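Me: I am new to this structure and would like a close look at one part of it. Could you walk me through its salt bridges and where they sit?

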Amino acid sequence: MRIIVCVDKRMGMSFNHRRVSRDRVVSGDILEMVKGNVLWMAPGAEKLFEEAFKAKEKETDDGKKEQECEEKKQGAGELETERMWKEDPIFLEKAGAEDFCLVEGENLAGYEGKITEIVLYRWNRDYPADLFFEVDLSKWELEERKEFSGYSHEKITREIYSRQG
């Protein structure tokens, strides 16, 4: 499985019971990255993607011809079918080998052997975190790094790691 995690500078994932992962640009980036795959998450996390999904749906509709919109209404190529996120309290157990999992505080002990890729979104701030990402990244190889501006953060870095060896 491939996990997606948002952290602050100190690898904090939440502070005062609030998620670090709340940024609509990051949500849009995640939706684009997982397109065609399943994205698993804990119940309640879908709120992060509803706004980004609706914006993408509107963007798609605005760029369509009337005939294509009519086909969409009839069910051909509906964007809704691209919305492949699933919520479940035990999503880490249910995720398949190629699936993505949004991890916002779940304990990964017992799942590390199942993880094939880590997508890390790093915020350029320190928060008074109370929950930290504890996977040892020295055992992983950095494959890609991209910096961009988020909605609520001027600098966000996306790093993609693959298992070494």
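Reply: Happy to help; here is a short tour of the chain as a whole, followed by its salt bridges.

Please keep in mind that the model is predicted. To get your bearings, look for four helices and ten strands in the chain. From the start of the sequence to its end, these elements come in the order β-β-β-α-β-α-α-β-α-β-β-β-β-β. The chain has 165 residues, and 43% of them count as buried. It exposes about 9,400 Å², with carbon and sulfur atoms supplying 45% of that area. Contacts that span the sequence are a good lead-in to your topic: among those between residues at least 6 apart, 72% join residues at least 24 apart.

Now to the salt bridges themselves. Searching the whole structure turns up ten of them. A good place to begin is the pair formed by aspartate 126 and arginine 10, whose closest N and O atoms are 3.9 Å apart. This pair links distant parts of the chain, as the two residues are 116 residues apart. You will find arginine 10 in the loop between strand 1 (2-7) and strand 2 (12-15), while aspartate 126 lies in the loop between strand 7 (117-123) and strand 8 (131-132). Is this pair buried or exposed? Aspartate 126 counts as partly exposed because its relative accessibility is 47%, and arginine 10 is also partly exposed, at 42%. The cut-offs behind those words are simple: buried means under 20% and exposed means over 50%, so values in between are called partly exposed.

Next, turn to lysine 35, which forms a salt bridge with glutamate 32. Here the closest N and O atoms are 3.9 Å apart. Lysine 35 has a relative accessibility of 41%, so it counts as partly exposed. Its partner, glutamate 32, is partly exposed as well, with a relative accessible area of 39%.

A further pair is glutamate 147 and lysine 155, whose side chains meet in a salt bridge at 3.6 Å, N to O. Lysine 155 is partly exposed, with 35% relative accessible area. Some salt bridges also share partners, and in this way Asp29, Glu144, Lys146 and Arg158 are joined into one network.

If you want one pair to find on screen, try arginine 10 and aspartate 126, each in a loop between two strands.

Definitions and conventions:
Residues numbered from 1 in each chain as written. Predicted model: local features only at pLDDT ≥ 70, side-chain atom pairs only at ≥ 80, totals over all residues. Heavy atoms only, no water. Buried < 20%, exposed > 50% of the residue type's maximum accessible area, 1.4 Å probe, protein only. Contact = heavy atoms within 4.5 Å. Areas by Shrake-Rupley, 256 points an atom, 1.4 Å probe, with all protein chains shown as cover. Salt bridge = Lys/Arg side-chain N within 4 Å of Asp/Glu carboxyl O.
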